[in-house]
Amino acid sequence: MSIVKAASSRAPSSLAHRRKADPVKIASFAALLITTFLMLLPLFFMVSTSLKSKREMLKFPPTFLPESWAWSNYTEIFDTLQFGTLYKNSLIIGVLTVIGTLLSSALVAYGFARYRGRGNQLWFILLLSTMMLPYPAIMIPQFVLFSKMQWIDTFLPLVVPAFFGSAYNIFLLRQFFSTLPEELFDAGRIDGCGELRMWRTIALPLSAPALATVAIFAFIYSWNDLLTPVLYLSSSDKFTLPVGMASLTSSRFRIPPWHLLMVASVLAMVPIVTLFAIAQKQFVEGIVLTGIK
Amino acid sequence: MNKNTMRKRSALLLAALLTTAAALSGCGGGKSAGNVATGSGNTGNSGGSDEQVTITHYTIDSEDRTFIEKLIPDFEKEHPNIKVKVEKAPYEQFDSKLQTLIAGGKSPDVTSHYGYGGFAEYYNKDMLLDLTDLIAEDGFKAEDYHIPDNLMKIYTVNNHTYGIPVNMYVTLMLYNKDMFDAAKLSYPPSDYEDKSWTFEKMVEEAKQMTVVSDDITKTQYGVDFTWAERDMRPLYFGAEPYSEDTWTNGGVPSETHFDSPEVIAAYQKLFDLVFKDKVSPTSEWSKSVAGQNGDPFVAGKIGMSIGGSWNLAGANDFPFKIGVAAVPWGGNDKVRSTLYVDPLLILKGSKHPKEAFEWIKFLMTTEVQEKSIELSGGNPPVNTEAAEAYYKHFDGIDPADVKKVYEGAVKYGYESYNHLITNYSQINDMFINELQPVETGHKSLKEVMPVIQSKVTEIIKR
Amino acid sequence: MTVIKSESRRQTFYMYMFISPWLIGFLVFALYPILSSLYYSFTDYDIIHPPRFIGLANYTEMFDSELFWKSVTVTLKYTFISVPVQLLLALGFALLLNQTLPLRGFFRTAMYFPSMVSGVAMSLLWYWIFNPQIGLFNYMLSWFGIPGPAWLMSPDTALYALIIMSFWTAGAGMILFLAGLQGVPGSLIEAARLDGAGRLRIFVNITLPMISPVLLFQLIMGLIDSFQVFTQAFVMTQGGPNYSTWFYVYNLYTSAFKEYRAGYSSALAWVLLIVVMLFTAVIMKLSNRYVHYEGGGRR
């Protein structure tokens, strides 16, 4: 434990070097303002569309801001879709996926990064290759498999695989664990730490930014995933948000309620933005490795 | 810490993971086990009357399809031994999920061709159950359900029936009354027997409504002629691109004639609307103006729109007044409209075809077909008795006009090729891509049609 | 000798200990689907009827297919433009946001925002932005007197429109770089600065080597992902206009679910796997020279 405490003293360097009116910083700030404007266009568009009336959606040219603000859209979505149920299901699946992914991927990545065991290379290549087969190619046999396990119409196919590691996140964390200085672990070994303990008390705390990233990625992936739930869920009361939202635009014979779709999209953003706002602090206040050197 | 404790810990961790998995499967698994018991437990005993049987109806997850869920309670009351479960997928995933379900041994019982592929695709892939014996055994008569005979024939191949028609969209003309009024034109007729209503007359009227301006908000076009899918359009002018045997052998043309002078001339007439008469928009303009709504008519920028009657469904929200009219005569005395008849099909993998057929019959009754119009938000029924209610469904449009247009369409209609020809989704994809340079004026029909001809031939052979 | 032997045994033991969750998952969940698809690739399989073994016919067929080669060209073009530009953008954003600046947290969230939005909402937005007549892009081009192209509606520009769209998701890469940058010891930079090193030299000599593992990760993942681009083509362009966005996986999907040719489509998948594997192997080999791993655990 002592090691981590020592390591976590924050680097004062950037603060100390703050000068007044640094031209690089002013330029950076300006560049960021412009890009932010571009990046936030989707948000503006989503919110503005979500407040338009059904009739206004038919207008040409489309209006930039709503003519009259249809706040009632935000209650209408609950009549159109079982929005509460969809939201709850997505949250359950999302949270379990994050827990599973974090736990398993961190373990596996540590194994790949820290130990020069026999077969390391081979297994790692195999791990990467699982990402190189496109999903449509394994969709049918995978369904057959889960179907034999009696997992159809349950959350299991969406959640359980996460507890056995996701290739993407394992690769990601492996890269981070590989950058940890060996001295830390030597010190740990001298202190008599076991391997699992070193994983938990040295590697994990020092990789907080990477773990936060994995949490965010895993959550968003699960939150926006459409293909898997469409395939494996069949009862409406188990559907997830993306499945419900896809139903709004699925008719070939009706003009879709785009305004309601945007309401759903805006509401769907809430947990992701919240999660990100919390996690992004990790990128600033992540433990900096100054104390050890 | 030594190896042993280490091993123990990992084992514990693994156990924890597995328990979580088991716990999860516990909460969700109960229900699925129940389904299995009722769904596939009593194979071969489909005729049994007392045994509980669950049938699955696979459809698109959209309001105009999933309304059938609301009909289930009434059906289950009438048939206490049958449970109906609706399995659904968004349009884009309809085919992939259906194929996966079939491959995974979980074939639904009842469905329709709501994905990319049409009936012919399913028929030629051997996915469909031949309903002929079921119909004979049951004593089912189309006239009891007010299904017109010519519609029943659409899904009959070599005297074997494979589908029961349930809904029917047709091609019709929608017109913008405001634009007609502004141009001081009289409204087009809804009567198919009105001989003065021709393609040429339509072009004349369209000219008077067309305004082409640098200001896109002022630009408007007289007519948008999206009659049927691209490969079927020559038929409107009387040219036949597919050989006659296509319609009797289950949709495998022995010959196609996309490079024949008649077919090319027919296409030329359509592209003349855009490039010569300039009364129709280019595809780029159409898509720009249509935006997310898919049709520039909705934006109020088109005088007359020839298209599917599904455009009527949103009519109550259009910010302008609309009317319906007959498709003008274009040189084909027999065919002026396209029919989009959707059948209910029983899949070969169905374990309870008898019960599935009971459900289909229930959906075809006049009472249920009438109810379905309201529940679906305006699906046109095949049942002619229920159709009366459909004609009255649209605010501000004279039900008499809708009726005339529908009846004329049935009389002068031909089933849309997309339901009748094998490998159709590939043909359609190919058409969209190969015709694109012609639609933008970069290539001529004479250059493109021979290529299309050879590619269609290749696709059909697959 | 025994010491080395037991050390290597220890390493092997712990490695398997730690990777066992994935190994089990791989054996239980992934192996069967993977092997099945390999088997299908040697068969004629229409999903309805049982697969029929046809040897290498699927593999030889694709090389005669016009659409196959079209899809290869489209995908390579997309990959070679989109991946490097996205990487540069992500790195640029990360460097900008690794400074102490006002509103830093807000900027970070904003940059990542487009990656959080659901697909349908984003594609609707892009239709609107790329609309040739009334879209934002052509409106902005008109300020400079440039006549805007038809973007998604023209075969000459549709692919570039999709490439431009991909830049909006550079935020995800930015996060990874930011996480990587937190591992760069401030003391090192401090020391270099005291030695009089400029910003550029610090970046090239210290920062870049320290974040090279993340860079490698992003390069490989970028490659794997962009070889599998599908959703954009599926939702926005359906492979058109005139096949200009007929991506490799779009071709594969079409073969499977529109043409009912699961066998042929599996063969396409395995060719993709092999090609991406080769690319990855080359990058890994080259990277050994440049990528800096601090930990002694790796060679």
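This is a conversation between a biologist and a modeller about a predicted model and the terms used to describe it.

Biologist: What should I keep in mind about numbering and confidence?

Modeller: Residues are numbered from 1 along each chain as its sequence is written, and chains are lettered from A in the order in which they are written. The model is predicted, with local features needing pLDDT of at least 70 and side-chain atom pairs counting only at pLDDT 80 or more, while totals for chains, interfaces and linings use all residues; side-chain values use heavy atoms, without hydrogens and water.

Biologist: How do you know which residues of chain C and chain A are in the contact?

Modeller: Contact means heavy atoms within 4.5 Å. By that rule, 100 residues from chain C and 110 residues from chain A take part.

Biologist: What does the buried area between chain C and chain A stand for?

Modeller: Buried area is the accessible area, with a 1.4 Å probe, that two parts lose on being put together, summed over both. For chain C and chain A that is about 9800 Å², with carbon and sulfur atoms giving 76%. C:F18, C:W22 and C:F29 supply 9% of the area that chain C buries against chain A, more than any other three residues.

Biologist: Why is the pair of C:R10 and A:E195 called a salt bridge?

Modeller: The rule asks for a side-chain nitrogen of Lys or Arg within 4 Å of a carboxyl oxygen of Asp or Glu. C:R10 and A:E195 have their closest N and O atoms 2.9 Å apart, so the pair qualifies. The count between chain C and chain A is two salt bridges.

Biologist: How many residue pairs are in polar contact across the interface of chain C and chain A, and what makes a polar contact?

Modeller: There are 13 such pairs, both residues being at pLDDT 80 or more. A polar contact is a pair of N or O atoms within 3.5 Å; within protein, one must be able to donate a hydrogen and the other to accept it, and residues adjacent in sequence count only if both atoms are side-chain atoms. Helix 1 of chain C brings the largest share of the side of chain C that touches chain A, 22 residues. Helices here are DSSP runs (H or I, at least four residues), as strands are (E, at least two), numbered from the N terminus.

Biologist: Which classes of residue make up that side of chain C?

Modeller: The side of chain C that touches chain A has 70 nonpolar, 21 polar and nine charged residues. Ala, Val, Leu, Ile, Met, Phe, Trp, Tyr, Cys and Pro count as nonpolar, Asp, Glu, Lys and Arg as charged, and the others, Gly among them, as polar.

Biologist: And what does chain C share with chain B?

Modeller: Here 33 residues of chain C are in contact with 35 residues of chain B. The area buried between chain C and chain B is about 3100 Å², of which carbon and sulfur atoms give 61%.

Biologist: What makes B:D429 and C:K258 a salt bridge?

Modeller: Their side chains come to 2.8 Å, N to O, and the two salt bridges found across the interface of chain C and chain B are judged by that rule. Helix 1 (2–40) and helix 12 (248–258) of chain C each supply at least two residues of the side of chain C that touches chain B. That side has 22 nonpolar, seven polar and four charged residues.

Biologist: Why is the aromatic pair of A:F143 and A:Y232 called stacked?

Modeller: Rings of Phe, Tyr and Trp (its six-membered ring) pair if their centres lie within 6.5 Å; planes under 30 degrees apart count as stacked, over 60 as edge-to-face and the rest as tilted. A:F143 and A:Y232 are 5.7 Å centre to centre with 15° between the planes, so they are a stacked pair. The pair links distant parts of the chain, with A:F143 in helix 7 (residues 135–148) and A:Y232 in helix 13 (residues 227–232) of chain A, 89 residues apart.

Biologist: Where are the cis peptide bonds that you would point out?

Modeller: One runs from A:F60 to A:P61, with omega near -10°, and A:P61 is in the loop between helix 3 (23–50) and helix 4 (73–80) of chain A. Another joins C:G240 and C:P241, with omega about -10°; C:P241 is in the loop between helix 11 (231–237) and helix 12 of chain C.
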